[in-house]
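User: I would like to go through this model with you step by step, starting with how far it can be trusted and ending with single residues. Please give the reasoning before each answer.

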Amino acid sequence: MRDRFDDFVAQRLDRLLRYATALTCDPHLAQDIVQETLLRAQHRWARIAGLQAPESYVRKMITNEFLSWRRRKASRNVTAAHSTLDAIGTPTADPAQHYAERDAMRARIAALPRKQRAAIVLRFYEDCTDAEIAEALGCSAGTVRSHISRALSTLRAAEGGRRRGLPVTEALS
């Protein structure tokens with residue numbers, strides 16, 4: 001049984017870490033969340049492996065860990081640390097412009113409320129449907145659409161109404 005869990009982790013660890021990093025906007029916090037989640041998943045692996053989609057279940061565990069109350073303080077610290085990126089200034093023709101825009105968009109995403117951020121990441125990074133996001137967040141599909149709509153409105157407003165900007169999908173990659 002342990003070999004199957006080890007195979008699962010070896011095949012999917014990078015993807016799970018990328019997902020958690022996009023969700024938390026902090027690679028160190030993402031590593032902590034994935035590590036804690038995989039430790040819990042290892043103890044329950046016999047049951048999880050028998051599910052139709054064990055990766056989706058583990059991804060939901062990561063989402064729940066991110067949304068848990070124990071992470072609120074860390075989430076606020078990430079937002080505060082990234083808020084200085086808004087002071088980057090006017091974009092230039094410098095090749096680093098793309099990276100600066102991406103970092104600014106990540107900072108705006110990090111400032112979103114936690115469920116809105118999770119809905120945005122699941123939609124645009126994981127390419128999940130409303131039903132899949134609703135299952136991961138434990139809410140209805142209508143609430144998912146509401147979270148995404150509000151998040152996109154907030155991101156557009158924070159961007160200053162510019163039509164040219166980095167799409168959410170590029171900021172998360």
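User: Which helix has the lowest mean pLDDT and which the highest?
Analyst: This is a predicted model, and its protein chain averages a pLDDT of 82, with 75% of the residues scoring at least 70. Confidence varies from element to element: the lowest mean pLDDT, 54, belongs to helix α5 (residues 72-82), and the highest, 93, belongs to helix α9 (residues 141-158). The names asked for are therefore α5 for the lowest and α9 for the highest.

User: How many helices and how many strands does the protein chain have?
Analyst: Read from the N terminus, the elements of the protein chain run α-α-α-α-α-α-α-α-α-α. The count for the protein chain is 10 helices and 0 strands.

User: What percentage of the residues of the protein chain count as buried?
Analyst: A residue is taken as buried when its relative accessible area is under 20%. Applied to the 173 residues of the protein chain, this cut-off gives a buried share of 39%.

User: Which element gives the largest share of the largest nonpolar core?
Analyst: The largest nonpolar core holds 42 residues, and V58, I62 and I133 are the ones that touch the most other members. Two or more residues come from each of α1 (2-24), α2, α3 (45-49), α4 (54-67), α6 (97-110), α7 (114-124), α8 (130-137) and α9. The largest share of this core amounts to 8 residues, and the element that gives it is α1.

User: Where does L23 lie, and is it buried or exposed?
Analyst: L23 has its place in helix α1, and its C-alpha atom is separated by 9.0 Å from that of I109, although the two residues are 86 apart along the chain. I109 is itself among the buried residues of α6. Because its relative accessibility is 0%, L23 counts as buried.

User: What end-to-end distance does helix α6 have, and what should it span?
Analyst: Helix α6 has 14 residues, and at 1.5 Å a residue they should span 20 Å. The buried residues in α6 are R102, A104, M105, A107, R108, I109 and A110. The end C-alpha atoms of α6 agree with the expected span, for they are apart by 20 Å.

User: Why do the buried residues of α2 lie on the same side of the helix?
Analyst: Helix α2 (residues 27-43) has 17 residues and reaches 25 Å from its first C-alpha to its last, close to the 24 Å expected. Its buried residues are L29, A30, I33, V34, T37, L38 and A41, and they are on the same side of α2 because they cover an arc of only 160° around the axis. In general, an α-helix has 3.6 residues a turn, so residues three or four places apart point the same way. On the other side of α2, H28 and H43 are exposed, and the value that answers the question is the arc of 160°.

User: Which residue caps the N-terminal end of α2?
Analyst: The cap is seen in a contact to the backbone nitrogen of H28, from which a side-chain oxygen lies 3.0 Å away. The residue that supplies this oxygen is D26.

User: How many disulfides are there?
Analyst: A disulfide is a pair of cysteine sulfur atoms within 2.5 Å. C25, in the loop between α1 and α2, counts as buried because its relative accessibility is 11%, and C128 is buried as well, with a relative accessible area of 6%. By the distance rule, the number of disulfides comes to 0.

User: What is the phi of D127, and is this residue buried or exposed?
Analyst: D127 has its place in the loop between α7 and α8, and its phi is positive in a residue other than glycine. C25 also has a positive phi, near 60°. For D127 the phi is near 55°, and with a relative accessible area of 65% the residue is exposed.

User: How far apart in space are T129 and V144, C-alpha to C-alpha?
Analyst: T129 has its place in the loop between α7 and α8 and is partly exposed, with a relative accessible area of 42%. T129 and V144 are 15 residues apart in sequence, and their distance in space, C-alpha to C-alpha, is 9.6 Å.

Conventions: Residues are numbered from 1 along each chain as its sequence is written. This is a predicted model: local features need pLDDT of at least 70, side-chain atom pairs count only at pLDDT 80 or more; totals for chains, interfaces and linings use all residues. Side-chain values use heavy atoms; hydrogens and water are left out. Buried means under 20% relative accessible area, exposed over 50%, partly exposed in between (1.4 Å probe, protein chains only). pLDDT is the predictor's confidence in each residue, from 0 to 100. Helices (H or I, at least four residues) and strands (E, at least two) are DSSP runs, numbered from the N terminus. The expected span of a helix is 1.5 Å times one less than its number of residues. The arc is that of the directions from the helix axis to the C-beta atoms. A polar contact is a pair of N or O atoms within 3.5 Å; within protein, one must be able to donate a hydrogen and the other to accept it, and residues adjacent in sequence count only if both atoms are side-chain atoms. A nonpolar core is a set of buried Ala, Val, Leu, Ile, Met, Phe, Trp, Tyr and Cys residues joined through side-chain atoms within 4.5 Å.
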